[in-house]
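Student: Hey, can you walk me through this one? I'd like to get a feel for the layout before I go back to the bench.
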Amino acid sequence: MLMIYFDNSATTKVADSVLDTYVKVSQNFFGNPSSLHAVGQKADDLLEQSRQQVADLMGVKASEIYFTSGGTEGDNWVIKGTAMEKAPFGKHIITSQIEHPAVINSMKQLEKLGFDVTYLPVNKAGFVSPESLAAAIRPDTILVSIMAVNNEIGSVQPIHEIAKVLAKHPTIHFHVDAVQAIGKGFDALLREPRIDFLSFSGHKFHAPRGIGFVYAKSKRVFQPLLTGGGQEKDMRSGTENTPAIAAMAKALRIVLTDEAKKVAQQLAIKRHLLAHLQTKENIVIFSPDAANFAPHILCFSIPGVRGETIVHAFEQKQIYISTTSACSSKKGVESSTLKAMAIPNHIAESAVRISLDDQNTLAEADEFIQAFDEIYNHFAKLYV
């Protein structure tokens, strides 16, 4: 039986050609990009070529791209770097209740340091209200951080509408965690002019783990999180991971090539799965077929059966899905998104997530459906 991998929001498999780039750069461009000699210069040239490629693909300046270790570092850096830079002007930050732990826990840490954080609620479908944001802004607000695509249910936040609110407050930094948005048909959203910072993670689009990048708009000032040798224009010290950077640049080019076709394929699979799930009783869907939901995330619940039980039942059939968040699944932490949506506990604890990629197929979806019916019937006596 072949493995079916439906957990791409947790991580994607490194593409063969991307891995090949990583190996070749490791072998042939092994110098430290900061070294003065020819071996170091060769690595530095490739580093800057990769930066330019990422910038061109994103439609921004090369000077606005900074390489990081991934989404968690990117979120931490923008949030804490803004807090350090702008503390003399205010200590109020606004975010939402459904952010990734990298954002939520950064906020919690800043609260211990004397910052005041407003956590915007979401409605029953999982969306932040731009009106609630407008009402929360104060004279001392320095940062707003709202994710583009929720990692648990796939709700696409109203970034353009939020940007309109923030257009009246040009001194407030606007950060968007875009980890789940890249390559999923949200180019217009990610290129919203009012956005000041975007954070990305390479392993979400077939690059190696441990590499990512931040877009930081020119003239938006924030402080380094890592200090040391002054790499990345004195903003992110540490010897650059040139092989991973070059591999990520290649992976980004690949994922954005024929993006519309790939997104349509994922949406077709999601719709196929969704249509079947909706024929069953007692199935609760959190990720409907709607324009304001991501094409690759399908979250649902079988009330009465715990999420981890469902995950392991599929695993026995070589089908890999997850509970609502890979970051929390092993810890048994409840879904922050479903809690914020006021979903009853007995339903939320049964939630699981399918997350697709352009490598998935309708044939795999059919196999999932067959397995689902067997699992659904097996647990029928537990349904509430």
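Tutor: Sure, we can go through the domains, the spaces around them and the salt bridges. Keep in mind that this is a predicted model.

Student: OK, how is the chain divided up?
Tutor: There are two parts: domain 1 (4-12 + 258-381) and domain 2 (16-256). Taken over C-alpha atoms, their centres are 27 Å apart.

Student: And how many residues of each domain are in contact with the other?
Tutor: It's 32 residues of domain 1 against 32 residues of domain 2.

Student: How much area do they bury between them?
Tutor: About 2600 Å², with 47% of it on carbon and sulfur atoms. On the domain 1 side, Glu 259, Thr 337 and Met 341 lose the most area to domain 2. Together those three account for 23% of what that side buries.

Student: How many salt bridges are there between domain 1 and domain 2?
Tutor: Zero between those two domains. A search of the whole structure does find 15 salt bridges, though. One of them joins the side chains of Asp 196 and Arg 220, at 2.8 Å from N to O.

Student: Where do Asp 196 and Arg 220 lie?
Tutor: Both are in loops. Asp 196 is in the one between helix H7 (187-190) and strand E7 (197-201), and Arg 220 is in the one between strand E8 (212-216) and helix H8 (231-234), so the pair ties together parts that are 24 residues apart in sequence.

Student: Switching topic: why does the second largest pocket lie between the domains?
Tutor: Because domain 1 and domain 2 both give residues to its lining. The space in that second largest pocket comes to about 480 Å³.

Student: Which residues lie nearest its centre?
Tutor: Asn 8, Lys 13, His 206, Asp 357 and Gln 359, out of 21 residues that line the second largest pocket. By class, that lining has nine nonpolar, six polar and six charged residues.

Student: Which helices supply at least two residues of that lining?
Tutor: Helix H1 (16-28) and helix H9 (242-256) each do. H9 gives the most to the second largest pocket, with three residues.

Student: What about cavities, how many of 30 Å³ or more?
Tutor: The count is one. The largest cavity holds about 80 Å³ of space.

Student: What lines the largest cavity?
Tutor: The lining includes Asn 8, Ser 9, Thr 12, Lys 184, Lys 204, His 296 and Asp 357. By class it has three nonpolar, five polar and three charged residues. Each of domain 1 and domain 2 provides at least three residues of this lining.

Student: Wait, didn't Asn 8 come up already?
Tutor: Yes. Asn 8 and Asp 357 are among the residues nearest the centre of the second largest pocket, and they also line the largest cavity.

How values were computed:
Residues numbered from 1 in each chain as written. Predicted model: local features only at pLDDT ≥ 70, side-chain atom pairs only at ≥ 80, totals over all residues. Heavy atoms only, no water. 1 Å grid on protein atoms, 1.4 Å probe; cavity = no way out; pocket = protein on both sides within 12 Å on 5 of 7 lines; lining within 4 Å. Points joined across faces, edges and corners; volume = space filled by probe spheres on them. Helix = DSSP H or I, 4+ residues; strand = E, 2+ residues; numbered from the N terminus. Nonpolar A, V, L, I, M, F, W, Y, C, P; charged D, E, K, R; others polar. Domains from an automatic or database assignment. Contact = heavy atoms within 4.5 Å. Buried area = accessible area lost by both parts, 1.4 Å probe. Salt bridge = Lys/Arg side-chain N within 4 Å of Asp/Glu carboxyl O.
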